[in-house]
Structure formats: C-alpha cells, structure tokens
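Here's a quick look at some backbone oddities, written for someone who would rather be at the bench. Have the chain open as you read.

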Amino acid sequence: MSAYRDKDPRIHGIQSKIRVVPNFPKPGIMFQDITTLLLDPKAFKDTVDLFVERYKGKNISVVAGIEARGFIFGTPIALEIGAKFVPLRKPNKLPGKVISEEYELEYGRDCLEMHLGAVEPGERALVVDDLIATGGTLCAAMKLLERVGAEVVECACVIELPDLKGRRCF
C-alpha cells in the first residue's frame, strides 16, 4: 500500500493497527504483525477495499496468494473482483502435480509451489502477500505464474519495507 501513502485517509487507520514486534523471530528483526489489523473489522475491511478498488475492472482472472498471510488478503480480494484464488504454498503442502520455483532468502533458500493446471496461459494474475521485504518471494511467485503463461498484472502487499529494496525484481 505504499503507493497510496498519504493519498487515502484509510491508510493511517490501517497503519495504526499493524503492531511492530522487535527481535522476532530472531534478534534484529522488526516483525510487522498483521494479526492486530485482523482484530479490527473496519481496518481489515478498509485494507481489502483499497485493493478491490484498485483491481476491480482490470480483467484479473487469478489472484495468487502467497502462503500464509497472502491467503488472508487474497481470498476476499479474489471474491470481490470475480477472480479465482490460487494458493502458492511451501513445498509438500499441495496434493497432486505441482510446479516449483526456488528463491533466495537473506538466510538461505526457499521454494513456492503451485498446482499444475491451476492457471492457464493468457490469464491475468495478481500476486498478493502481506509484506514485501527483499522481494524474493514475490519474484518467485511471478516466475511461477509466468512459466505457465500468465500475465502478472501487479503484486499487492499491505506492508512495504522500502529500505530492503524489494521492488528491484519488478
């Protein structure tokens, strides 16, 4: 939502509901906790509404939510804009045939998987997650979708940590 900063009065209310937890899950990390946002129905609805307003009418047929917090925001967005929801999961969480995309983290490697056949060539996709930090997870999500022929329209995140330059992969 950094693109909306100071442009919509709902932004301040949303930001005020996100708790920052120092040194979690390890020393030096300032964890952005969205569970406090979810406790406030108005702030949660405002968050979803901002995304729906942005993406309604853009012919998006797929909302791909990144495990796990991307599911929280992606599902209501998909319902409201009339798109299907496709979960992008960590390895070995999806039954059946999947395609995988590995990516780098600050502290190692990880992987996202998607059901084979969940997204068709030519579909327009929106990737949703709660936060963009270094951008590795979002880049992997985009690559997965592009490998099956989807057009990634945008990535939508509630929180951006701009100092970590996560937009470099877009």
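What follows is a short tour of unusual peptide bonds and phi angles. Keep in mind that this is a predicted model.

Let's start with the loop between strand 1 (19–22) and strand 2 (30–33), where Pro-25 sits. The bond leading into that proline, from Phe-24 to Pro-25, is cis, and its omega is near 0°. Asn-23 belongs to the loop between strand 1 and strand 2 as well. Its quirk is a positive phi of about 60°, even though Asn-23 isn't a glycine.

Now for the other cis bond, which links Glu-67 to Ala-68 with an omega of about -10°. You'll find Ala-68 in the loop that runs between strand 3 (62–66) and helix 4 (69–81).

On the other side of strand 3, between it and helix 3 (41–55), there's a loop that holds Asn-59. Asn-59 isn't a glycine either, yet its phi is positive, at about 55°.

So how do the two asparagines fare on the surface: buried, partly exposed or exposed? Asn-23 has 49% relative accessibility, so it counts as partly exposed. Asn-59 comes in at 63% relative accessible area and is therefore exposed. The cut-off at work here is that exposed means over 50%.

Here are the two asparagines in a table.

| Residue | Phi | Relative accessible area |
|---|---|---|
| Asn-23 | about 60° | 49%, partly exposed |
| Asn-59 | about 55° | 63%, exposed |

Conventions:
Residues are numbered from 1 along each chain as its sequence is written. This is a predicted model: local features need pLDDT of at least 70, side-chain atom pairs count only at pLDDT 80 or more; totals for chains, interfaces and linings use all residues. Side-chain values use heavy atoms; hydrogens and water are left out. Helices (H or I, at least four residues) and strands (E, at least two) are DSSP runs, numbered from the N terminus. Buried means under 20% relative accessible area, exposed over 50%, partly exposed in between (1.4 Å probe, protein chains only).
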